[in-house]
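Open the model in your viewer and keep the sequence panel beside it. The tour goes from one selection to the next.

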Amino acid sequence: MEMVGKMDTAIEQCIFKSDILTGKTAIVTGASRGIGAAIARSLCETGAQVVLCSRSSEAVTQTTDTLQSDGYTAHAIAADIGQKADVETLIEETLTKFSQIDILVNNAGITRDTLLMRLKDEDWDAVLQTNLTGTMYCTREVLRPMIRQKSGRIINISSVIGLMGNVGQAPYAAAKAGIIGLTKTTAKEVGSRGITVNAIAPGFITTDMTAELPEEFQNKLLELIPLQNFGTPEDVANTVCFLASDAARYITGQTFQVDGGMVM
């Protein structure tokens, strides 16, 4: 029992030590609010210097200013990850400011929810372009600097919807499923270069957007979750910090479901 206790303590210190990411530079896309903002804050709290990216210059600057006022090293860059030129600028500016990129968190995403028979081509294209192609752009652009330094952590935010599908979310489900395939392929291509690539599939996470859902709908969702409560953005952020740390050095090509047991 004493040995188990010592092991648990060692694991806890390894994962949650406040400076486990000191000296690391991270990029978080879709970082102005919700899950992205929580990921950015958690990475800062574990010692990383963080570049926050969002299409909205005002929103991402406001989130970044809050982190800076709390004493963290954070930098805002407005960019639309669905545009290749914006992604190139994002990576170039990050390297100019911090000289290296150790962690990339592909979190940015949009939805255009409707039944497939009513889905407009432009809505399908918009969701795939941002959620899947944008993830590819960011990943592809960051690989060269990571390969040069022979290390890196890429963490893609997918969704349980990519695993199970959902009525009215065909483009979102397709994009999130595609992210899982992209994760596995990239992991196989760059594993020999010291780069790990993993995905996180959140379930129902409470944010400002989900809080507006009708109570009756939320109660129905709770019935599907064995833990009988919704996740928080911090639950996802904690998993990101683990995967970004040396504690996860031997994990790659995997999809971690942060869903309270909703999909199993």
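Buried here means under 20% relative accessible area, exposed means over 50%, and partly exposed lies in between (1.4 Å probe, protein chains only). The model is predicted: local features need pLDDT of at least 70, side-chain atom pairs count only at pLDDT 80 or more, and totals for chains, interfaces and linings use all residues. Residues are numbered from 1 along each chain as its sequence is written, and side-chain values use heavy atoms, with hydrogens and water left out.

Select strand 1, residues 25-29 (helices, H or I of at least four residues, and strands, E of at least two, are DSSP runs numbered from the N terminus). Five of its five residues are buried. In a regular strand, side chains alternate between the two faces of the sheet. Thr-25, Ile-27 and Thr-29 lie on one side of strand 1, Ala-26 and Val-28 on the other, and all are buried.

Add strand 2, residues 49-54, which runs parallel to strand 1 and is joined to it by five bridges; strands pair if DSSP finds at least two bridges between them. Ile-27 has Val-51 as its bridge partner in strand 2.

Now select strand 4, residues 103-106: three bridges join it, also in parallel, to strand 1. Here Val-105 stands opposite Val-28.

Finish with the cysteines. A disulfide is a pair of cysteine sulfur atoms within 2.5 Å, and the count is zero. Cys-138 is in no disulfide, the nearest cysteine sulfur being that of Cys-53, 6.6 Å away. Cys-138 is buried, at 1% relative accessible area.
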